[in-house]
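Subject: Structure handover

Hi,

Here is the structure I promised to pass on. Could you load it and keep it open while you read the rest?

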Amino acid sequence: MTAYRPVDQNPTAPASGTGAQAGPGVVPEFTDPPAGRRRTRYAVAGTGHRAGMYVTALTGEHSDVGELVAWLDPNPARIDYYDAYVGEVLGTGAPAGLPRYRPEGLEVMIAEQAVDVVVVTSVDRTHAELVDRALRAGADVVVEKPLTTDADGCRRITAAVADTGRDVVMTFNYRYAPRNSSLRRLISSGAIGQVTGVHLEWALDTMHGADYFRRWHRDKANSGGLLVHKASHHFDLVNWWLDDVPVRVFASGALRFYGDRNAAARGMGPRPERGTGTHGDPFSLDLRDDPRLEALYLRAEGHDGYLRDQDPFAPGITIEDNLSVLVDYAGGATLSYSLNAHSPWEGYKVTVNGTQGRAELHVVERGYLQLDTDGGIDLDPSASAADLADDVRPTGHRLVLQRHWSRAEEVPVPEGIGGHGGGDAILLKDVFRRELRVGTDPLSRSAGYLDGVRAVAIGAAANHSLVTGLPVMVDDLGLGVRLADGSPSAGPSRPGGAGTIL
């Protein structure tokens, strides 16, 4: 078996871990589990690359409080990969042999294996159904972002939570990145006064950004587009930074770089159908270059026909690569947001204006792309920030505060641990050990289903705005819950409204 590399994110994404030791106050304090405490029983639904973060956690640092007991996925080859890894970690000399189920067997799995929590890391369009069924079958849920892809999914999940009273944990790991936590702390301190507006610009480079156009994400029916799949992270950050909820959304955007028409307009010529076996093309991904991708996808194709390495300039792409969104918040602030998926560098810039000053966070996660000797994508796992050093656009982050009539000052940002800006490892502690947490988190980083709905609400409203060219009132989506307090709400406010078509 190829050694499993415990990568916590898509291999095309920047390696954004920040250290092995967290700075003071970054990690919440937890007690040890009481002697004899029963371990929580977890099943993983969806065994693609995102599942790896949870599998690694439950067979490593958090194996004292939780255990993996079952797999749920229609593709046996992907289950084989993780089952072999678990057996290796357990030292059995063979695959772990955990029970495996297909999606239609979710309820049977929960009953037969006495599952306490289902970890949902499947294709986005399946989230609402799996969360709903798991809750009604008697299990709690940990779900990867996005919570779901549209307003219909939000209604289904909010109804299941209301009917069962069970728990849904959203894994918004970017909240835990110390740079983002530091901005939250700065805003809540009142240092810039009442927030009047936020500008958030997010740039995805042509390695990571293109990947959404190679995979199932390229079909909006699967992912909700980047406004839901990717931007739910970003919208959650703004909701959380402001401690506020969206009320009105307007969006503009289009597919302007990827896709067959754009390739033809730029004279790119014939394109390969897939990346594996293609050489010298910076937009092609060869799955053989990463052992995990090869095992999870290339060797699994015979079971479901899914191609992980499609050409991002192929016909049939239905998501956008350039997006702009305006969001009005209940408290009076306005967010202006932009997302570009074909930038030469990757990172984000945040500006928060307030009645007493301004805060700015600038993050460079990858300053430029390094191609291999043939001119193709370099997925070398040994590449580090030092290898990609750039004096003009250095990798790192900077948080600046400037109050009215004062000089600008840099705000120190402590170290994090793990990927996604030092947030992943801290998130996992909160997910698997939250009952052992000492006191409350002053930053309220832990997220539940309502936070997931609040993030999806912006993306769903923005998608509807793209269709109509008009602003959308979030209440008109009929999400099944009031965003401000979590109380039940009615369905779409008008027949044929946004909530019925998204």
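Below is what turned up, going from confidence to the sheets and then to the cavity.

First, a caveat: this is a predicted model. The protein chain averages a pLDDT of 92, and 91% of the residues score at least 70. The two stretches to treat with care are these. Over residues 1–7 the pLDDT stays under 50, and the model has 19 contacts beyond four places in sequence for them. Over residues 494–502 it also stays under 50, with 24 such contacts in the model.

Now the sheets. One of them is open and built from seven strands, in the order E3-E2-E1-E4-E5-E6-E15, with mixed pairing. Its edges are strand E3 (100–101) and strand E15 (447–448), each of which pairs on one side only. Inside that order, strand E4 (residues 117–120) runs parallel to strand E5 (residues 140–143), and four bridges link the pair. If you want a spot to zoom in on, Val-118 sits opposite Val-141 in E5.

Two helices lie across this sheet. Helix H1 (residues 51–58) crosses strand E1 (40–45), strand E2 (66–72), E4 and E5, and it runs at about 145 degrees to E2. Helix H4 (residues 127–136) lies across E1, E2, E4, E5 and also strand E6 (168–170), at about 155 degrees to E5.

The other sheet to look at is open too, with nine strands in the order E14-E13-E12-E11-E7-E10-E9-E8-E16 and, again, mixed pairing. Strand E14 (409–411) and strand E16 (472–473) are its edge strands, each pairing on one side only. Towards the E16 end of the order, strand E8 (residues 246–254) and strand E9 (residues 322–329) are antiparallel over eight bridges. There, Gly-253 stands opposite Leu-323 in E9.

At the E14 end, E12 and E13 run antiparallel and are joined by eight bridges, with Gly-357 facing Arg-403 in E13. E13 then pairs with E14, antiparallel as well, over three bridges; here Val-400 is opposite Glu-410 in E14. E13 and E14 make a hairpin with five residues between them, and Trp-405 in the turn has a positive phi of about 60 degrees. You may want to look at that one yourself.

Helix H6 (residues 178–188) lies across strand E7 (195–205), strand E11 (346–354), strand E12 (357–366), strand E13 (396–403) and E14. H6 runs at about 175 degrees to E12.

Last, the cavity. How many cavities of 30 Å³ or more does a search of the whole structure find? Just one, and its volume is about 50 Å³. The lining consists of Val-169, Met-170, Phe-172, Tyr-176, Leu-427, Asp-430, Val-431, Arg-445, Ser-446 and Ala-447. By type, that is seven nonpolar residues, one polar and two charged. Both E6 and helix H14 (424–433) supply at least two of the lining residues, and H14 gives the most, with three. E6 is also a strand of the seven-stranded sheet, and H4 lies across it, which should help you find your way there from the first part of this note.

That's it from me. Shout if anything looks odd on your screen.

Cheers

Methods: Residues are numbered from 1 along each chain as its sequence is written. This is a predicted model: local features need pLDDT of at least 70, side-chain atom pairs count only at pLDDT 80 or more; totals for chains, interfaces and linings use all residues. Side-chain values use heavy atoms; hydrogens and water are left out. Two strands pair if DSSP finds at least two bridges between them. Contact means heavy atoms within 4.5 Å. Axes are lines fitted to C-alpha atoms, for helices over the stretch in contact, and angles run from 0 to 180 degrees between N-to-C directions. On a 1 Å grid over the protein atoms alone, a cavity is a set of points where a 1.4 Å probe fits but cannot get out, and a pocket is an open set with protein on both sides within 12 Å along at least five of seven lines; lining residues have an atom within 4 Å of a point. Grid points are joined across faces, edges and corners, and a volume is the space filled by probe spheres set on the points. Ala, Val, Leu, Ile, Met, Phe, Trp, Tyr, Cys and Pro count as nonpolar, Asp, Glu, Lys and Arg as charged, and the others, Gly among them, as polar. pLDDT is the predictor's confidence in each residue, from 0 to 100.
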